[in-house]
Amino acid sequence: MGMEKEKKYVAIVTGASSGIGLATAKMLMQKGVKVYGMAHNDFEGEFDYFKCDVTKPEQIEYAMNIIAEREDHIDFLVNCAGMGISGSVESSPDEKIRKIYDVNFFGTVNMCKAVLPYMRENKFGHIVNISSVAGELPIPFQTFYSATKASIESFTAGLSMEVRPFGIKAVCVLPGDTKTGFTAAREKNADDDASYGKRVESSVGQMEKDEQNGMTPESVAKVICKALFKKNPKPLNVVGFKYKFFLFLNKILPRRWVYKILFDLYAK
Ligand SMILES: NC(=O)c1ccc[n+]([C@@H]2O[C@H](COP(=O)([O-])OP(=O)(O)OC[C@H]3O[C@@H](n4cnc5c(N)ncnc54)[C@H](OP(=O)(O)O)[C@@H]3O)[C@@H](O)[C@H]2O)c1
């Protein structure tokens with residue numbers, strides 16, 4: 001797809017044991033890319049796999065050393081490892097808030113830092129970080145999740161400008177609701193203050209339904225692969241027509257209206 005056919009690209013995909021990461025790892029393999037998958041639980045796949053927690057730099061270093069011994073270039077990094085928490089801000093335990101930042105934000109940062117020296121040396125590299133439509137349209141009662149995803153977007157934008165002279169591109173893919181293991185893995189607050197009544201439950205319940213009726217992880221993987229193989233990928237790649245339309249409205253409507261719509265949908 002555009003780039004020289006002879007070269008066998010090497011990719012690292014995090015979150016490769018499930019959902020979007022798994023679909024991406026498989027799709028890249030089908031396209032002839034050598035894939036190294038990572039996730040923090042045991043997993044058996046058709047690609048090389050490292051059990052590696054992205055929040056643990058020493059585990060990343062261990063995996064990177066093995067990959068660097070086997071390969072003389074690392075071309076692609078796809079950061080799919082991620083998780084969700086939900087509940088009201090005031091009832092969210094500090095350790096949960098730190099955990100979601102650790103996995104979603106610092107996990108992405110750790111992996112980018114780990115591959116950059118290799119990509120710089122080869123004067124080539126494409127990084128795709130997975131944000132979310134929620135990074136642009138913050139979802140009440142998933143406030144910290146939305147905040148981690150917004151952080152990923154500004155991190156990726158800043159990084160992309162730092163590394164452009166080295167031939168390295170860093171972009172975000174923003175999936176909308178996608179049917180994956182994410183819904184079941186979401187860590188909900190054990191208790192939300194009674195003042196919030198049923199608002200938390202119905203908001204998160206609505207989101208769970210939307211996710212389980214959502215897009216396939218393969219449709220997200222397609223957009224990720226497109227961004228990886230493109231010479232000049234777009235900074236933000238939204239998946240799905242519906243979500244592209246929402247983000248268009250987000251751009252043109254007054255912020256106050258956007259928040260009112262989101263309130264009506266997810267916080268009433
Ligand atoms: N599903 C959606 O509706 C949706 C929408 C927008 C954005 N996203 C984003 O898409 C990305 C992929 O999510 P998904 O929907 O495919 O969910 P998923 O099926 O739950 O997959 C998440 C993956 O992340 C891995 N992971 C979690 N914590 C990790 C850690 N500390 N270290 C290494 N790996 C870790 C999991 O591995 P283990 O099972 O081994 O822990 C799993 O492979 C996430 O960033 C998510 O925020 C999802």
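In this predicted model, Ser-146 belongs to helix α5, and with a relative accessible area of 3% this serine is buried, because the cut-off for that class is under 20%. Its side chain makes polar contacts on two sides: the backbone nitrogen of Ile-139 is reached at 3.0 Å, while the backbone oxygen of Gln-142 lies 2.8 Å from a polar atom of the same side chain. Leaving aside residues up to four places away in sequence, Ser-146 also touches Ala-134, Gly-135, Pro-138 and Ile-139, so that Ile-139 appears both in this list of contacts and as the residue whose backbone nitrogen the serine side chain reaches.

From the serine one can turn to the loop between α4 (133-136) and α5 (143-163), where Phe-141 is found. Phe-141 has a positive phi of about 70 degrees, although it is not a glycine. Most residues other than glycine have a negative phi. The relative accessibility of Phe-141 is 6%, and this residue therefore counts as buried, the limit being under 20%.

A positive phi is also found at Lys-123, where the angle is about 55 degrees although this residue, too, is not a glycine. Lys-123 is placed in the loop between α3 (94-122) and β6 (125-130). Is Lys-123 buried or exposed? At 63% relative accessibility, Lys-123 counts as exposed, because that class begins over 50%. The two residues with positive phi described here, Phe-141 and Lys-123, thus sit in loops, with Phe-141 counted as buried and Lys-123 as exposed.

Key: Residues are numbered from 1 along each chain as its sequence is written. This is a predicted model: local features need pLDDT of at least 70, side-chain atom pairs count only at pLDDT 80 or more; totals for chains, interfaces and linings use all residues. Side-chain values use heavy atoms; hydrogens and water are left out. Helices (H or I, at least four residues) and strands (E, at least two) are DSSP runs, numbered from the N terminus. Buried means under 20% relative accessible area, exposed over 50%, partly exposed in between (1.4 Å probe, protein chains only). A polar contact is a pair of N or O atoms within 3.5 Å; within protein, one must be able to donate a hydrogen and the other to accept it, and residues adjacent in sequence count only if both atoms are side-chain atoms. Contact means heavy atoms within 4.5 Å.
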